2 protein chains.
Amino acid sequence: MPSKSDTKTHILDIAERHFARDGFAGTSLRAIIKDAGVNVAAIAYHFGTKEELYQAVTERFAAPVVREQLERLRAEVKKDGANLEGVLCAFYEPPLKLIKKMGKKGEVLSMFLGRAQTEPEPVFSLIDDHYQACRNEFINAFRKFLPDLEEGEYQWYFEFMLSLIVCFLTRHIPVRLRYTNDRDWEPEHVTGSLVEFCLKGMGKKN
Amino acid sequence: MPSKSDTKTHILDIAERHFARDGFAGTSLRAIIKDAGVNVAAIAYHFGTKEELYQAVTERFAAPVVREQLERLRAEVKKDGANLEGVLCAFYEPPLKLIKKMGKKGEVLSMFLGRAQTEPEPVFSLIDDHYQACRNEFINAFRKFLPDLEEGEYQWYFEFMLSLIVCFLTRHIPVRLRYTNDRDWEPEHVTGSLVEFCLKGMGKKN
DNA sequence: GTATGATTCAATCAGTTGATTGAATTTCAA
DNA sequence: TTGAAATTCAATCAACTGATTGAATCATAC
């Protein structure tokens, strides 16, 4: 019944859920194929190794987010009256809006994006390379709007900016279990909180 | 040759290095015992299951840090002229000073502390419970020094504060590979950066 | 020195891991 | 309808997984 792309897509759908929840090492191919109702060999046939399957998930799931962040950034710095706030919005809005748009599946994307950033090798290098271009361009934008900082500070500011959204993506479920307020999960509100915290953090002392 | 406590301690020494580098699921007991030069059964004898071994590492390695953070916090809020900056120092200083004091082994502690916070189940619950008491007391301190915020904001401020140090602990090695300046890794300087960013982030808008 | 308890050991368990094979099946164009 | 390519399948591989056993070794108090 399922055509080529059906099985392939279906495996990706299931795989991303498992990788998101259990991490790379904690996910077995058996668990995926059992859940997907396909044969083990299907993974080898369509993707190759476990690592290549993970890479495929990253490519379909995470790469578009990074691409949009970069597009938004480039548009933002060209604007009249461009500022640091716009740069931060360019970083935070794409993933949060996409997650919201995807509905239930956004929860999976959220977990996957967050977890991927904190995986041990061999995933770490894979993800880190992915963000290399992103990192350079955002740091250049920081240089533009936050002149005269030390080089190390620019580096750390990018990591801080990144870590705040990783924190949000991986923790919003446990946090909401402790304290629920549906408004807090509106992407506009979340983006606003992250941008505000980060903007103030990078700004001058009060 | 090795007495009881020797073997037990030695296993812990090796285990924490593996868990720090490869995560819980990515670490096999074989890898640990091979590295430690002991028998597989030694782990079962001294600790029990793999999960109990991880718990023992957490207890010896991470628990003292949390305890000191809480002690520092309690001392800080009692002070004359207590303020938010003191609260943040109480949170950031203990782990960073300990890591510095431990020298080479501090790198392992650093990685372990950072990674533990981002592990999937069953580790996540273990660690999260550990931080529950810590979380409540710090959030109460936020309430004191940052009055009239919404409840959700206090919750997220704690998570942000936590995520910044997790970011630092897990990323300082790759970041230093990209840009090295030894001064940046002095605990006073690091604490200063984290406290400043966080303090500004939590403060009023400029 | 000997008995007792603590510790270590090799051997082994059953189950899982990622990966591969070659045969069976399906798909679809000619 | 037929034939070649794409896809799926059951069966199997060797290696590894966490865990357990009972015998051997050790330390120590008597």
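In this predicted model, a network of salt bridges links Arg72(A), Glu76(A), Lys79(A), Glu93(A) and Lys97(A). Over all chains, the count of salt bridges comes to 34, and four of these are found across the interface of chain B and chain A. The two chains bury about 4,200 Å² between them, and the copies are related as by a two-fold rotation axis.

**Salt bridges within chain A**

- Within the network, the side chains of Glu76(A) and Arg72(A) meet in a salt bridge with an N to O distance of 3.7 Å.
- Both Glu76(A) and Arg72(A) belong to helix H5 (residues 63-78) of chain A, where they are four residues apart, about one turn of the helix.
- Glu76(A) counts as buried because its relative accessibility is 11%, under the 20% limit.
- Arg72(A), by contrast, is partly exposed, with a relative accessible area of 24%.
- A further salt bridge joins Asp13(A) to Arg60(A), whose closest N and O atoms are 2.9 Å apart.
- This pair links distant parts of the chain, 47 residues apart: Asp13(A) is in helix H1 (residues 4-22) of chain A and Arg60(A) in helix H4 (residues 50-61) of chain A.
- Asp13(A) is partly exposed at 26% relative accessibility, and Arg60(A) is likewise partly exposed at 32%.

**A salt bridge within chain B**

- Glu159(B) and Arg135(B) form a salt bridge in which the closest N and O atoms are 2.6 Å apart.
- Because Glu159(B) lies in helix H10 of chain B and Arg135(B) in helix H9 of chain B, the pair ties together parts that are 24 residues apart in sequence.
- Both partners, Glu159(B) and Arg135(B), are buried.

**Interface of chain B and chain A**

- The contact draws 47 residues from chain B and 47 residues from chain A.
- Of the area buried between the chains, 60% is on carbon and sulfur atoms.
- Trp156(B), Arg171(B) and Phe197(B) supply 18% of the area that chain B buries against chain A, more than any other three residues.
- One salt bridge is formed by Asp128(B) with Arg171(A), with the closest N and O atoms 3.9 Å apart.
- Eight residue pairs are in polar contact across the interface, with both residues of each pair at pLDDT 80 or more.
- On the side of chain B that touches chain A, at least two residues each come from helix H1 (4-22), helix H8 (123-130), helix H9 (132-145), helix H10 (151-178) and helix H11 (187-202) of chain B.
- H10(B) gives the most to this side of chain B, with 17 residues.
- The residues on this side divide into 17 nonpolar, 13 polar and 17 charged.

**Relation of the two copies**

- A turn of 180° and a shift of 0.0 Å along the axis lay chain B on chain A with an RMSD of 0.0 Å.
- The two copies are thus related as by a two-fold rotation axis.
- The C-alpha of Gly201(B), 2.1 Å from the axis, is the nearest to it in chain B.
- The copies meet through the same surface, because 100% of the interface residues of chain B are also interface residues in chain A.

**Surroundings of Leu169(A)**

- Leu169(A) lies in helix H10 (residues 151-178) of chain A and is buried, with a relative accessible area of 5%.
- Leaving aside neighbours within four places in sequence, Leu169(A) is in contact with Ile99(A), Ser110(A), Met111(A), Leu113(A) and Gly114(A).
- Leu169(A) and Met111(A) are 58 residues apart along the chain, yet their C-alpha atoms are separated by 5.9 Å.

Terms used:
Residues numbered from 1 in each chain as written. Chains lettered and ligands numbered in written order. Predicted model: local features only at pLDDT ≥ 70, side-chain atom pairs only at ≥ 80, totals over all residues. Heavy atoms only, no water. Contact = heavy atoms within 4.5 Å. Buried area = accessible area lost by both parts, 1.4 Å probe. Salt bridge = Lys/Arg side-chain N within 4 Å of Asp/Glu carboxyl O. Polar contact = N/O pair within 3.5 Å; in protein donor to acceptor, adjacent residues only side chain to side chain. Nonpolar A, V, L, I, M, F, W, Y, C, P; charged D, E, K, R; others polar. Buried < 20%, exposed > 50% of the residue type's maximum accessible area, 1.4 Å probe, protein only. Least-squares fit on C-alpha atoms with pLDDT ≥ 70 in both.
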